[in-house]
Amino acid sequence: MEKWPITLTSTKKVKPDADRLGFGKYFTDHMLLMDYSAGQGWHDPRIVPYGPISLDPSAMVFHYGQEVFEGMKAYRTPQGELVLFRPDMNLRRLNQSCARIGIPQVDPEEVLEGISRLLLLEEEWMPEGEGNSMYIRPFIIATESGLGVRAAQEYRLIVILSPVGAYYPEGIHPVRIYVEDRYVRAVRGGTGEAKTSGNYAAGIKAQEDVKSLGFSQVLWLDGIEKRYIEEVGSMNVFFKIDGEVVTPELNGSILAGVTRDSVIRLLREWGVPVKERRISVTELFEAHQDGRLEEAFGTGTAAVISPIGSMKWDDHDIEIAGGETGELSAKLYDTLTGIQRGEREDSFGWRYSVR
Ligand SMILES: *Cc1c(COP(=O)(O)O)cnc(C)c1O
């Protein structure tokens, strides 16, 4: 493929043990780069040896945070095919994030072609083993040097690959959640619906505080009234109340997850009632008190489905689904991971074959 010229590495790395991968600890031998400058547009798409990049200390990304990223996974099917899960949605979202952060649009097809090319080149890094996959991290940074506050005129797109282990090496298990009532992650009109580093920077302090108290994630409330539920950690969140599944509606400060959309479609297909609407934390804890809160779970590419076993808000501390993985959560997990790995029929056409 001439479009993405390849410079091969001269020193291949030793590959990690497939049963000790963890998340985002190892990176493959090559990476994809493409540059942008005003006037020229995106140019010089290329695949080069993985390694440090050199930037001027005044590069604008270091100062004003003009950055966007994506996260997706590649899987090897039992038939030996390399597949992605709904990559069109990730690339569309990348451009939506770019639009919000003032970064120029990319050609989604060109980038998908480049990612496919990189995956094929790095195929020997695709980890064997149940639950393992290749995590793909595309991101764009403002590289122009200068301290003036404005949109940069120069950017770089980078895609790196990381072989990752199953999120739950011992099988899916419920986590403990803290309802965050001091800090907020995002507000409507802000950047909450863009996948950008600034949202993560805004959340790290809260995350660290609750981790030291024994919680695994925070439940984010809306930034204005701190009453309505938004997301859990860096995942979207769902609740099953009285047989109906509810998830916060996309209101401008919530990230539109690919997993979230897939869960909603699966539930509709199964005939399970599902609503996207505002949910207050009071409503949720009242539902629990009345015995109507049946299940709760987060959704995202890394964990796919992450059941919530208990939740603390103020001085209320509740257990959900007896602290176990709910029936619906387990069914969604099995179905989604089955489709992603090519072990189940893909009736929605969600798998994209890299070759
Ligand atoms: C990436 C992300 C999600 C999950 O999106 P998926 O496309 O399902 O991986 C949810 N919330 C936030 C804040 C995110 O950054």
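**Figure 1. The lining of the largest cavity in the predicted model.** In this predicted model, the largest cavity is lined by Gly71, Met72, Lys73, Tyr75, Phe85, Asn90, Val258, Thr259, Thr301 and Gln340. The space inside the largest cavity comes to about 80 Å³. When cavities of 30 Å³ or more are counted, the total is one.

**Figure 2. Elements and residue classes around the largest cavity.** Two elements, β4 (72-76) and α5, each contribute at least two residues to the lining of the largest cavity. The greatest contribution is that of β4, which provides three residues. Sorted by class, the lining of the largest cavity consists of four nonpolar residues, five polar residues and one charged residue.

**Figure 3. The largest pocket and the residues at its centre.** The largest pocket holds about 890 Å³ of space. Its lining is made up of 36 residues, and those nearest the centre of the largest pocket are Lys195, Tyr200, Gly233, Ser234 and Met235. Five elements each give two or more residues to this lining, namely β6 (133-142), α4 (197-211), β9 (217-221), α5 (258-270) and β14 (293-300). Among the contributors, α4 supplies the largest share of the lining of the largest pocket, with seven residues. By class, the lining of the largest pocket comprises 14 nonpolar, 14 polar and eight charged residues.

**Figure 4. The ligand and the shell of residues around it.** The ligand takes up the space of the largest pocket. Around the ligand there are 14 residues, of which Lys195, Tyr200, Glu231, Thr259 and Thr301 come nearest. This shell around the ligand contains four nonpolar, six polar and four charged residues. Lys195 and Tyr200 thus appear in two lists: they are among the residues that come nearest to the ligand, and they are also among those nearest the centre of the largest pocket. Thr259 and Thr301, likewise among the residues nearest to the ligand, also belong to the lining of the largest cavity.

**Figure 5. Polar side-chain atoms beside the ligand.** This view concerns three side chains and the ligand atoms that they face. In Glu231, a polar side-chain atom lies 2.5 Å from a nitrogen atom of the ligand. For Tyr200, the partner is an oxygen atom of the ligand, at 2.6 Å from a polar atom of the side chain. The side chain of Thr301 has an N or O atom that is 2.6 Å from an oxygen atom of the ligand. Taken alone, the ligand exposes 380 Å², and the protein buries 96% of that area.

How values were computed
Residues numbered from 1 in each chain as written. Predicted model: local features only at pLDDT ≥ 70, side-chain atom pairs only at ≥ 80, totals over all residues. Heavy atoms only, no water. Near = heavy atom within 4 Å. Polar contact = N/O pair within 3.5 Å; in protein donor to acceptor, adjacent residues only side chain to side chain. Areas by Shrake-Rupley, 256 points an atom, 1.4 Å probe, with all protein chains shown as cover. 1 Å grid on protein atoms, 1.4 Å probe; cavity = no way out; pocket = protein on both sides within 12 Å on 5 of 7 lines; lining within 4 Å. Sits in = over half its atoms within 2 Å of the grid points. Nonpolar A, V, L, I, M, F, W, Y, C, P; charged D, E, K, R; others polar. Points joined across faces, edges and corners; volume = space filled by probe spheres on them. Helix = DSSP H or I, 4+ residues; strand = E, 2+ residues; numbered from the N terminus.
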